[in-house]
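Trainee: Please take me closely through one part of this model, the salt bridges and the helices that carry them. I would like to follow how each pair is placed and what lies around it.

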Amino acid sequence: MREQIIEQVLEHKLIAIVRGVYGEDCLNLAKALYAGGIRMLEVTFDQSKPQLLPQTSDTIRLLVEQMGDQMAFGAGTVTSTEMVELAKGAGAQFIVSPDTNEAVIRATVEGGMVSMPGAVTPTEILAAHRYGADFVKLFPVGPLGAAYMKAVCAPINHVRLLAVGGVNEKNVAEFLAAGAVGAGVGGNLVNKQWIAAGEFDKITDAARKFVEAM
């Protein structure tokens with residue numbers, strides 16, 4: 001299963017990131033993204049509201065049950081091994097973190113899921129790689145730019161890097177050309193106002209633009 005998800009990331013490249021959307025709303029969002037060509041969705045844990053952690057895992061479970069044969073679903077902002085286990089129990093196929101946490105990376109891989117920790121410096125990137133990460137997300141990449149991605153990839157071209165944080169349809173191709181194997185996109189793709197208004201067709205259109213931009 002891990003190898004299949006890794007291949008899916010390398011093939012489709014784009015991971016949609018959703019924050020604060022749960023249940024049926026998130027399911028409708030996933031359907032809209034799928035219609036636009038997106039094949040991977042990350043549902044993030046809200047660190048400021050621990051009471052919502054079960055709601056996040058329940059949403060991942062719903063997505064896997066309803067669309068697991070069409071898309072890959074993972075958990076984001078995972079900062080502890082307890083969250084790794086919560087996500088695994090819900091059926092998450094990949095784990096994304098904002099930092100490089102050895103315990104989280106190892107628990108993810110041992111749990112049969114794909115590991116995507118966050119890092120900024122070459123030291124952090126290589127540490128994550130040594131701990132067993134399948135991908136390392138360069139985060140936040142937006143303020144650093146494609147030039148930084150290219151500079152990092154030159155000596156560290158054996159590590160699969162994802163561009164995350166500030167990626168949009170105008171710069172995603174630049175990050176891929178600079179060496180990223182994929183990208184994670186949140187607010188520039190998953191618009192909460194559209195979700196609240198039920199305007200899922202706009203999300204489908206936005207997804208198509210991202211896919212075309214790549």
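**Salt bridges and their helices**

Mentor: Happy to, and let's begin with an arginine: R61 has a relative accessible area of 30%, so it is partly exposed. Keep in mind as we go that this is a predicted model. The partner of R61 is D58, and the closest N and O atoms of this salt bridge are 2.9 Å apart. D58 is partly exposed as well, since its relative accessible area is 45%. Both residues belong to helix α3, which runs over residues 53-67, and their spacing of 3 residues amounts to about one turn of the helix. The general rule behind this is that an α-helix has 3.6 residues a turn, so residues three or four places apart point the same way.

While you are on α3, have a look at T56, which lies in that helix too. T56 counts as buried because its relative accessibility is 0%. Leaving aside residues up to four places away in sequence, T56 touches Y22, V43, T44 and F45.

The structure holds 5 salt bridges in total, and the next one I would show you joins E102 to R106, again with 2.9 Å between the closest N and O atoms. These two residues sit 4 residues apart in helix α5 (residues 102-110), about one turn of the helix. E102 has 34% relative accessibility, so it is partly exposed, and R106, at 35%, counts as partly exposed too.

Let's stay with α5, as there is plenty to see around it. Just before the helix, N101 caps its N-terminal end, with a side-chain oxygen lying 3.0 Å from the backbone nitrogen of A103. Just after the helix, G112 takes a positive phi of about 85 degrees. Between those points, the buried residues of α5 are V104, I105, A107 and T108. Their cover includes two helices, α4 (81-90) and α6 (122-131), along with the strands β4 (94-96) and β5 (114-116).

Of these neighbours, α6 deserves a second look. The axes of α5 and α6 are 9 Å apart, at an angle of about 35 degrees, and the crossing is right-handed. On the α5 side the meeting residues are E102, I105 and R106, while A128, R130 and Y131 come from α6. So both members of the salt bridge between E102 and R106 also take part in the meeting with α6, as does I105, one of the buried residues of α5.

Another salt bridge pairs K202 with E199, where the closest N and O atoms are 3.3 Å apart. Both residues are partly exposed: K202 has a relative accessible area of 35%, and E199 is at 28% relative accessibility.

From there it is natural to go on to helix α10, which covers residues 200-213 and packs with helix α2 (residues 23-35) at an angle of about 40 degrees, their axes being 7 Å apart. At that angle, α2 and α10 are therefore oblique to each other. The crossing of α2 past α10 is right-handed. From α2, the residues in contact are D25, N28, L29, A32, L33 and A35; from α10, they are F200, I203, T204, A207 and R208.

Definitions and conventions: Residues numbered from 1 in each chain as written. Predicted model: local features only at pLDDT ≥ 70, side-chain atom pairs only at ≥ 80, totals over all residues. Heavy atoms only, no water. Salt bridge = Lys/Arg side-chain N within 4 Å of Asp/Glu carboxyl O. Buried < 20%, exposed > 50% of the residue type's maximum accessible area, 1.4 Å probe, protein only. Contact = heavy atoms within 4.5 Å. Polar contact = N/O pair within 3.5 Å; in protein donor to acceptor, adjacent residues only side chain to side chain. Axes fitted to C-alpha atoms, helices over the stretch in contact; angles between N-to-C directions. Parallel < 35°, antiparallel > 145°, perpendicular 65-115°, else oblique. Left-handed = near helix turned anticlockwise from the far one by under 90°.
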